[in-house]
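Colleague: Could you take one helix of this model and go through it closely, together with the parts of the fold that surround it?

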Amino acid sequence: MPNDKSSTNSSPRKSLSPALSQREREEDRLVCAVDLGGTNLRAANIDRHGRIYERTRTATPKTDKAEDIIAGIVSAVRECETAALNRGAQIQAVSVVVPGSVQVGTGVVVNAPNIPSLPGFRLASALGAALDRPVLLENDANAAALGEMWQGAARNCKTIICLTLGTGVGGAIVLDRELWRGVDGTAGEIGHTSVEPFGGVKCKCGNFGCIEVYASATAIVRMACEGLAQYPGSSLNSISAAELTSERIYRAAIERDSLALDVFRKAASYLGIAMANVINIFNPEMIVVGGGVAAAWDLFVEPARAEVMRRAFPVPAARCQIARAECGDDAGLLGAAWLAFENNV
């Protein structure tokens, strides 16, 4: 984990040694990492040691115009940039992660089911022009996997699968410490693999029965709403549909609410099916599970693991660790920064 994840207001350091001064200047060069989520837009200044400094967070614009997304990201970066300059540090690059498929080389968003204004949009070049600095673009789950490889649960692993359970379900594949993006840059979309092909719920991607519609925060809320009539004694019946969140369902499950427990058992079962599939295909050392839903780790990890053992080949299933991500919401930000430093942007 980073040595210091808190904000700092320290004044610029001074040194009489030219060598030390150069090293200090290197440490003061930052990447402004931006995590454009389906719900929140977050940004942070990060140094090459994984230390996080200034942060900002706002709601992701609900819009059908890509220009509004651009404006939101630019505002967040400018806020971080001003905070860095106030303490004598500088942003050298901007690295943005989005919840969907991207073409890293061209900076084009290929698919983003939860941000419908972006598919086909040249996001990296538009941001580069607006900010007048280099901008990298990456899939959010890919970035989260790299963050966990750099500073988190998978520090000692070379081949991992990362699942990010948030508004949607993201996936990432790291083979021998290299991201596997596929021919078109769309590899790793594990959230849009089918786990319920017959009569499954329709996903925003257009498919039916994706793991995203069974194991995401959005799915947990939907399944709870669908089960209210069957569980009239559930405490969740006292909450209006507009106020029902995955967090409130989690709290109800902790209090042994039958409906809430059933929802998490169902989500865990589908998650286990997806995990068994990737274990059989990739034979990874570890599956790292992150995102907001990972807060309910204790509720779903054992049922998911049991499903894996029922469905996957015994040897790879037994050797694959299933670990909770350690970097939390910072995983994507850290991975975005790591990419910029590794590519000398």
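Modeller: The expected span of a helix is 1.5 Å times one less than its number of residues. In this predicted model, helix α9 covers residues 297–311, and its 15 residues should therefore span 21 Å at 1.5 Å a residue, which agrees with the 21 Å that separates its end C-alpha atoms. The buried residues of α9 are W297, L299, F300, V301, A304, E307 and V308, and because they fall within an arc of 160 degrees when seen down the helix axis, they line one face of α9. The face turned away from that buried side carries the exposed residues D298 and R310.

As for what the buried residues of α9 pack against, their partners are the helices α7 (246–254), α8 (258–282) and α10 (314–319), together with the strands β8 (160–165), β11 (286–290) and β12 (321–324). These three strands belong to an open sheet of 5 strands with mixed pairing, in the order β10-β9-β8-β11-β12. In this sheet β10 (178–179) and β12 stand at the edges, each with a single partner strand, so one side of each is left without a neighbour in the sheet. The strands β11 and β12 run parallel and are joined by 4 bridges, and the bridge partner of V289 in β12 is R324. Helix α4 (residues 140–151) packs on the sheet, where it touches β8, β9 (169–175), β10 and β11, and its direction makes about 55 degrees with that of β9. Helix α8, itself one of the partners of α9, also packs on the sheet, touching β8, β9, β11 and β12, with its direction at about 160 degrees to that of β8.

Technical notes:
Residues are numbered from 1 along each chain as its sequence is written. This is a predicted model: local features need pLDDT of at least 70, side-chain atom pairs count only at pLDDT 80 or more; totals for chains, interfaces and linings use all residues. Side-chain values use heavy atoms; hydrogens and water are left out. Helices (H or I, at least four residues) and strands (E, at least two) are DSSP runs, numbered from the N terminus. Buried means under 20% relative accessible area, exposed over 50%, partly exposed in between (1.4 Å probe, protein chains only). The arc is that of the directions from the helix axis to the C-beta atoms. Contact means heavy atoms within 4.5 Å. Two strands pair if DSSP finds at least two bridges between them. Axes are lines fitted to C-alpha atoms, for helices over the stretch in contact, and angles run from 0 to 180 degrees between N-to-C directions.
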